[in-house]
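Dear colleague,

I am handing over the structure we spoke about, with the sequence alongside. Please have it open while you read the notes that follow.

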Amino acid sequence: MGQERTLSLVIPAKDEEANIATLLTEAYGVMRDYHGFEVVLVDDGSTDSTLDTAVRTARALGGRLLTIRHERSIGQSGALASGIRQARSKLIVTMDGDGQNDPADIPAMLQKANTMRNPDFCIAGYRKNRKDTAWKRFQSRLANRVRDALLHDGVPDTGCGLKLFPRETFLKLPWFDHGHRFIPALVRGIGGDIAIVEVNHRPRTAGISKYNAWNRTWAGILDLLGVLWLLHRTRVPVISSAGQADPQGSVAERS
């Protein structure tokens with residue numbers, strides 16, 4: 001894994017050349033005093049200069065940047081998984097590459113993380129005042145209500161890209177395409193805790209969304225059924241004791 005970093009910001013991006021320089025400039029500006037901060041950018045098969053723009057920006061700002069490029073796009077969940085597995089930190093923050101998430105919200109999420117006692121947790125961003133079209137907001141409200149009614153994850157806005165969790169927690173989760181929308185439910189399913197932080201949300205200023213009503217609705221229904229099955233089948237052990245036998249045959253109990 002190399003030298004361990006304190007915090008990795010993982011950004012999946014596809015064809016975000018017009019947004020990525022501003023987003024990285026903001027992120028490095030907000031976190032410049034945070035020891036060991038790094039950005040992990042996953043270029044998910046872009047056809048523009050997203051990756052080159054990110055590298056030039058990081059060099060100009062003197063920020064740590066780890067880059068991963070997918071030869072062809074596999075989707076946001078796959079890109080997040082690639083980035084998190086290559087990240088060098090104990091803590092992971094995820095953020096969309098379109099500039100609608102605000103890096104200025106990261107310190108509040110870190111502050112909330114410091115209050116968590118369970119080693120497995122997720123801090124989920126809540127875009128209370130979304131800057132999307134009325135139709136897109138309606139779709140999201142409906143999807144969130146259906147999901148919460150079935151999964152009981154207690155998260156009002158699971159589609160928000162801003163989330164914070166330990167890397168080791170993520171590595172325990174079952175993973176699949178579109179799994180990023182169910183991270184809080186999956187974390188709760190392994191016995192983790194969930195906390196909510198209100199975050200800023202900004203209108204997209206360039207590029208186009210990779211989602212529409214069709215791929216959100218049908219994929220969402222299938223994924224929701226799959227997550228329900230996973231959670232129903234998940235069993236979290238409660239370990240009362242653990243021991244190790246020495247060569248003489250005695251057993252030393254481990255706390």
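Two rings of Phe, Tyr or Trp, with the six-membered ring taken for Trp, count as a pair if their centres lie within 6.5 Å. Please keep in mind throughout that this is a predicted model. By that criterion the structure holds 5 aromatic pairs, and ring pairs join Phe 165, Phe 170, Trp 175, Phe 176 and Phe 182 into a cluster.

Two of these pairs share Trp 175. With Phe 170, Trp 175 forms an edge-to-face pair, the centres being 4.8 Å apart and the planes at 65° to each other. With Phe 176, the centres of the rings are 6.5 Å apart and the planes meet at 40°, so this pair is tilted. The surroundings of these three residues can be described as well: Phe 170 is buried, at a relative accessible area of 4%, whereas Trp 175 is partly exposed at 23% and Phe 176 is partly exposed at 22%. Since the cut-off for buried is under 20% relative accessible area, Trp 175, at 23%, is not counted as buried.

Turning to the strands, strand 4, which spans residues 89-94, is mostly covered, with 5 of its 6 residues buried. Strand 4 runs antiparallel to strand 6, made up of residues 163-166, and 4 bridges join the two. Within this pairing, Leu 91 has Pro 166 of strand 6 as its bridge partner.

Helix 4 covers residues 106-113, and its buried residues are Ile 106, Met 109, Leu 110 and Ala 113. Why do they lie on the same side of helix 4? They do so because they cover an arc of only 100° around the axis. As general background, an α-helix has 3.6 residues a turn, so residues three or four places apart point the same way.

Finally, a word on the cysteines, as you may wish to look at them yourself. A search of the whole structure finds 0 disulfides, a disulfide being a pair of cysteine sulfur atoms within 2.5 Å. Cys 122 is buried, with a relative accessibility of 0%, and Cys 160 is likewise buried, with a relative accessibility of 1%.

With best wishes

Methods:
Residues numbered from 1 in each chain as written. Predicted model: local features only at pLDDT ≥ 70, side-chain atom pairs only at ≥ 80, totals over all residues. Heavy atoms only, no water. Buried < 20%, exposed > 50% of the residue type's maximum accessible area, 1.4 Å probe, protein only. Helix = DSSP H or I, 4+ residues; strand = E, 2+ residues; numbered from the N terminus. Pairing = 2+ DSSP bridges. Arc of directions from axis to C-beta. Phe/Tyr/Trp six-rings, centres within 6.5 Å; stacked < 30°, edge-to-face > 60°.
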